[in-house]
Amino acid sequence: MDTKNNIKSVEVFSGTQWEATMIKNLLENEQIESYLKDEIMAGLNTFSSLPGGSIQVKVMISNIDFEKSVSVIKEYQKNSKEEK
C-alpha cells in the first residue's frame with residue numbers, strides 16, 4: 001500500500017496562539033512535523049468574541065503522527081494542570 005497517497009493533515013490541538021506555539025515546539029522536539037493554522041488571523045484579531053478573547057490557533061500534523069502527537073499533548077496538559 002502506498003502510504004504517501006493516504007497522508008492527510010489533521011488538527012491535533014486548538015488553543016491560544018501561545019499554547020499552540022508551545023505544543024508545536026514540543027512536537028518538534030519529538031521529531032513530529034507540524035504547522036500552525038489561523039496564526040495570522042489570531043494576531044490580527046486579538047479581541048474576537050471567542051472564549052479567552054482570541055481566535056483559536058490550530059496545530060496541524062500528518063495523520064501518520066497522530067498517536068504520538070496525542071501522547072505528547074496529553075503529557076503537556078497533565079503538567080500544565082499540576083502547575084496550577
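Colleague: In which sense do strand 2 and strand 3 pair, and over how many bridges?

Modeller: Generally, strands of a sheet pair through backbone hydrogen bonds, either parallel or antiparallel. Here strand 2 and strand 3 pair in the antiparallel sense, over four bridges. Two strands pair if DSSP finds at least two bridges between them, and strands (E, at least two residues) and helices (H or I, at least four) are DSSP runs numbered from the N terminus. Among the bridge partners in strand 3, Lys58 is that of Lys37 and Val59 is that of Leu36.

A word on the source: this is a predicted model, where local features need pLDDT of at least 70 and side-chain atom pairs count only at pLDDT 80 or more, while totals for chains, interfaces and linings use all residues. Residues are numbered from 1 along each chain as its sequence is written, and side-chain values use heavy atoms, with hydrogens and water left out.

Colleague: In what order do the three strands form the open sheet?

Modeller: The order is 1-3-2, with antiparallel pairing. Strand 1 and strand 2 (34-37) stand at the edges with a single partner strand each, so one side of each has no neighbour in the sheet.

Colleague: Which residues make up the covered face of strand 2, and which the uncovered one?

Modeller: In a regular strand the side chains alternate between the two faces of the sheet. In strand 2, Ser34 and Leu36 form the covered face, and Tyr35 and Lys37 the uncovered one. Ser34 is buried, at a relative accessible area of 14% (buried means under 20%, exposed over 50%, partly exposed in between, with a 1.4 Å probe and protein chains only). Leaving aside neighbours within four places in sequence, Ser34 is in contact (heavy atoms within 4.5 Å) with Lys24, Leu27, Val59, Met60 and Ile61.

Colleague: Which residues have the most contacts inside the largest nonpolar core?

Modeller: In soluble globular proteins, nonpolar side chains tend to be buried together. A nonpolar core is a set of buried Ala, Val, Leu, Ile, Met, Phe, Trp, Tyr and Cys residues joined through side-chain atoms within 4.5 Å. The largest one here has 13 residues, and Val12, Phe13, Ile23, Leu27 and Val59 have the most contacts inside it. Two or more residues each come from strand 1 (9-15), helix 1 (17-29), strand 3 (57-62) and helix 3 (66-83). Not counting residues up to four places away in sequence, Ile23 touches Phe13, Val59, Ile73 and Tyr76.

Colleague: What is the phi of Gln31?

Modeller: Most residues other than glycine have a negative phi. Gln31 has a positive one, near 60 degrees.
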